[in-house]
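Hi everyone, thanks for coming. Have a look at the structure on the screen, and then I'll walk you through its surface, its pockets and one helix.

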Amino acid sequence: MQVSEILKVKGNVLHTIEPEGRLTEAVSEMARHNMGSLVVIDKGRVVGILTFKELLQAVNQGGGALGEARVADIMERDPVSASAGMEVNDLRRTMLESGARYLPVMDRDKLIGVISFRDVAKAVLEEQDFENRMLKGYIKNWPE
């Protein structure tokens, strides 16, 4: 299974923010769409990713407030990314090794989606469930 197949099922609606966006604006966007990340775009180019992890660290450092802080102040710069043709096992390995819960999916320099660890887990589970059903059907219809 490839990343492109996961994106087809998940959909590839993109939510982004600019580096100069306020963190309060980012929190509102993430809460409104029940998302754990926003890709940071500057002049049409991916320059970072903002996840709930960075936001929680900023809230902690700000004594519970975000104030006037900007996305560029806390975003992860030049994030690890995936390609549409990447195999799921390579994607899982990349996510585990980098510690990233969210990866932008790129087609050359173009952002085509974001994939989360949850998306990967769901896709793998569904693929295993399908294979199990097929095997059970095969065994049940085995000639005696």
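**A patch and two pockets**

Okay, let's begin on the outside: Leu135, Tyr138, Ile139 and Trp142 together make a nonpolar surface patch of about 510 Å². Before I go on, this is a predicted model, where local features need pLDDT of at least 70, side-chain atom pairs count only at pLDDT 80 or more, and totals for chains, interfaces and linings use all residues. Residues are numbered from 1 along each chain as its sequence is written, and side-chain values use heavy atoms, with hydrogens and water left out.

So what is a patch here? Patches are made of residues with over 30% relative accessible area and no salt bridge; like charges are joined within 9 Å, and nonpolar side chains (Val, Leu, Ile, Met, Phe, Trp, Tyr) within 5 Å. A salt bridge, by the way, is a side-chain nitrogen of Lys or Arg within 4 Å of a carboxyl oxygen of Asp or Glu. Areas come from the Shrake-Rupley method with a 1.4 Å probe, and for residues only the protein chains shown count as cover.

Is Leu135 buried or exposed? Leu135 counts as exposed because its relative accessibility is 52%, and exposed means over 50%, buried under 20%, partly exposed in between (1.4 Å probe, protein chains only). Leu135 is found in helix α6, residues 117-140. Helices (H or I, at least four residues) and strands (E, at least two) are DSSP runs, numbered from the N terminus.

Now keep α6 in mind. The largest pocket has a volume of about 630 Å³. Of the 26 residues lining that pocket, Lys10, Gly11, Val114, Ser116 and Asp119 are the closest to its centre. Which element gives the most to this lining? That's α6, with six residues. At least two residues each come from α1 (3-10), β2 (37-42), β7 (110-116) and α6.

The second largest pocket holds about 200 Å³ of space. Among its 14 lining residues, the closest to the centre are Glu54, Glu76, Gly99, Ala100 and Arg101. Here α3 gives the most, with three residues.

Last stop: Val71, which sits in helix α4, residues 71-74. Val71 is buried, because its relative accessible area is 0%. From Val71 to Met35 you go 36 residues in sequence and 16 Å in space, C-alpha to C-alpha.

Definitions and conventions: On a 1 Å grid over the protein atoms alone, a cavity is a set of points where a 1.4 Å probe fits but cannot get out, and a pocket is an open set with protein on both sides within 12 Å along at least five of seven lines; lining residues have an atom within 4 Å of a point. Grid points are joined across faces, edges and corners, and a volume is the space filled by probe spheres set on the points.
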